[in-house]
Amino acid sequence: MKTIIVGTRQSALAMTQTGQVVELLKQLAAEHGIACQFEIKKIVTKGDRILDVTLSKVGGKGLFVKEIEQALVDGEIDMAVHSMKDMPFELPEGLVVGAIPKREDARDALITRGYRSLQELPLGALVGTSSLRRASQLQHLRPDLRIESVRGNIDSRLRKLDEENFDAIMLAAAGLHRIGWQDRISAYLPPEECLPAVGQGALCIECRGGDTFMLDLLGKFQHEPTALAVRAERAFLGRLNGGCQVPLGAYASVSEAGSGLDTPLLTLTGMVGTPDGATMLKETASGSDPEALGELIADKLIAQGAERILAEVRE
Ligand SMILES: NCc1[nH]cc(CCC(=O)O)c1CC(=O)O
């Protein structure tokens, strides 16, 4: 019997989502009469080791992913489950996205000390987030709020809300849903108020490009509408060179019904803002070619000065 070794980080979220994917893959394999078993291997990444430094200062996105990808390349593991939003734009030579499963809730969530909405937060309230994207959009809606960096895994950030002076923190709804902590959510921020990170709520299952066994199994797990939405969002990210932590967000929705086309119609909104929220560039368009749509939205923002904002933040 074939044994599939699955690499994962050790955070509560990573372990949980890896376990959930493995359970679904076991069912899929059984349904298709594919004989295999799974073994989970924990890997400590650079992102897990440096929890005390702001992510954008130590190299951004790739941090949580790189060591796991090396293990894939070296053949120590056969697949890995990543949060799509942690994936750098380009994959290392030899690795591919084997499947993008159905997306969880893409929205950001507000976790507060008893306030039921962003609007209810008192004047000058202290909000914890290390994401420039969240800070930019929060400050745009509520310039009075004070924003302070808060890092760590979901569990340690929630602890900081309880123990430190924050009135609220912001986290991705998807992570809280996956680990069963949806009860902690005080409010969901709709994409109209706060655009999520590119790929937020989606997972990326990575494997070796030459591993036909894995590719065959994972191919059955792909959710096409999610994959299309993620392709559009990532095309937007790629055009803006958004590899590291920058105040940039995007969300694509997919509708098949009533589009009058054979292919689904995508609607993509993208934003780039200054960290203080004073400038907020945002564009929406629809189309059926995900890459063309992502690049179109990026070009519209570039025409309004998006590259200048991103260059200033990167300095
Ligand atoms: N930046 C860390 C990260 N990467 C993925 C998630 C969970 C949500 C997801 O899968 O998109 C989180 C936590 C968060 O932003 O709250």
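This is a short talk on the domains, the ligand shell and one sheet of a predicted model.

Residues are numbered from 1 along each chain as its sequence is written. As the model is predicted, local features need pLDDT of at least 70, side-chain atom pairs count only at pLDDT 80 or more, and totals for chains, interfaces and linings use all residues.

I begin with the domains, whose bounds come from an automatic or database domain assignment. They are domain 1 (2-101 + 202-222), domain 2 (108-189) and domain 3 (228-308). The centres of domain 1 and domain 2, over C-alpha atoms, are 28 Å apart.

Next, the ligand. Domain 1 and domain 2 both contribute residues to the shell around the ligand, so the ligand lies between them. Residues near the ligand (C-beta atom, placed from the backbone, within 6 Å of it) include Leu13, Lys85, Asp86, Ile154 and Ala172. Strand S8 (168-172) and helix H6 (173-178) each supply at least two shell residues. Helices (H or I, at least four residues) and strands (E, at least two) are DSSP runs, numbered from the N terminus.

Now the sheet. Five strands form an open sheet in the order S7-S6-S8-S5-S9, with mixed pairing; strands pair if DSSP finds at least two bridges between them. Strand S7 (146-148) and strand S9 (187-189) are at the edges with a single partner strand each, so one side of each has no neighbour in the sheet. Strand S5 (residues 108-112) runs antiparallel to S8, joined by five bridges. In that pair, Asp108 is opposite Ala172 in S8, and Ala172 is also one of the residues around the ligand.
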